[in-house]
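Student: Hey, I'm new to this one. Can you walk me through it?
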Amino acid sequence: MSNFLFYLKVKPFIAQWLIHHYGNPVTFPDGSDENDCIHLFIRKRPKNADAATISKPELTDEEKKKHMLLAFSIPECRAKPVETYNYMSPMAGSALLEVIEWRFNNQLWKDLKDSFEKKFTLLKAVRGWCIDNGIDIDYDYTIKMRLQRKKKRHLKYGVDTRRANRKNEEDI
């Protein structure tokens, strides 16, 4: 891990998940898709970048309601030494967030897809998953809805992941 950091605005529940699994500052494992993305997009700091862009940026009150500012460690790379290559543009940060969202959704689906067949409610399974992954259960409904949207997308293509004996329409 290098001492060089960059900051991204991340949804609070994903920030909690990242901190739980990768620490704070977030440090991804060597060879991960996330590190590959960072290595691909990391650049030399632009000449016109002032000292304010190096320090931790501030979130507005509106942004604080929807996002957390999270520090990410820049991984060491022989081809791009972090002393020189330590700038992530906003577009590069957006690409990294897509990879992170994919990883989050992938783990969520992998861990909870079998719970559709169980006799307990999906919300209880999501709450347990949140606790196991360091996420405040205040986000349980948000994560449940994310999972349900994914189920509906599969159903649209004829893949039915719903349980056979649903209690009501809310379990769709």
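Tutor: Let's start with an odd lysine: Lys80 is buried but has no salt bridge, and its nearest side chain of opposite charge, Asp36, is 11 Å away. Buried means under 20% relative accessible area, exposed over 50%, and partly exposed in between, with a 1.4 Å probe and protein chains only. A salt bridge puts a side-chain nitrogen of Lys or Arg within 4 Å of a carboxyl oxygen of Asp or Glu. For charge, Lys and Arg count as positive and Asp and Glu as negative, while His and the chain ends are not counted.

Student: Before we go on, what kind of model is this?
Tutor: This is a predicted model, where local features need pLDDT of at least 70 and side-chain atom pairs count only at pLDDT 80 or more, while totals for chains, interfaces and linings use all residues. Residues are numbered from 1 along each chain as its sequence is written, and side-chain values use heavy atoms, leaving out hydrogens and water.

Student: OK, back to Lys80. Where is Lys80 placed, and what is Lys80 in contact with?
Tutor: Lys80 sits in the loop between E3 and strand E4 (85-87). Helices (H or I, at least four residues) and strands (E, at least two) are DSSP runs numbered from the N terminus. Leaving aside neighbours within four places in sequence, Lys80 is in contact (heavy atoms within 4.5 Å) with His39, Leu40, Ile42, Arg43 and Tyr85.

Student: And Lys151, buried or exposed?
Tutor: Lys151 counts as buried because its relative accessibility is 4%. You'll find Lys151 in helix H7 (residues 140-156).

Student: New topic: how many residues are in the largest nonpolar core?
Tutor: There are 33, and those with the most contacts inside the core are Leu18, Phe72, Leu96, Phe104, Trp129 and Ile143. Two or more residues each come from strand E1 (5-10), helix H1 (12-22), helix H2 (33-41), strand E3 (68-73), helix H5 (90-112), helix H6 (122-132) and H7. H5 gives the largest share, seven residues. By nonpolar core I mean a set of buried Ala, Val, Leu, Ile, Met, Phe, Trp, Tyr and Cys residues joined through side-chain atoms within 4.5 Å.

Student: What does Ile143 touch?
Tutor: Not counting residues up to four places away in sequence, Ile143 touches Phe13, Phe104, Leu108, Val126, Trp129, Cys130 and Ile135.

Student: How many aromatic pairs are there?
Tutor: Eight in the whole structure. Rings of Phe, Tyr and Trp (its six-membered ring) pair if their centres lie within 6.5 Å; planes under 30 degrees apart are stacked, over 60 edge-to-face, and the rest tilted. One of the pairs is Trp17 with Phe104, edge-to-face at 5.3 Å centre to centre and 90° between the planes. Trp17 is in helix H1 and Phe104 in helix H5, so this pair ties together parts 87 residues apart in sequence.

Student: How about Phe104 and Trp129?
Tutor: They form an edge-to-face pair too, with 5.6 Å between centres and 80° between planes. Both residues are buried.

Student: Last thing: how many salt bridges does the structure hold?
Tutor: Six. Among them, Arg103 pairs with Asp33, with the closest N and O atoms 3.2 Å apart. That one links distant parts of the chain, from helix H5 to helix H2, 70 residues apart. Another joins Arg127 and Asp140, whose closest N and O atoms are 2.5 Å apart.

Student: Is Asp140 buried or exposed?
Tutor: Asp140 is buried, at a relative accessible area of 8%, while Arg127 counts as partly exposed at 35%.
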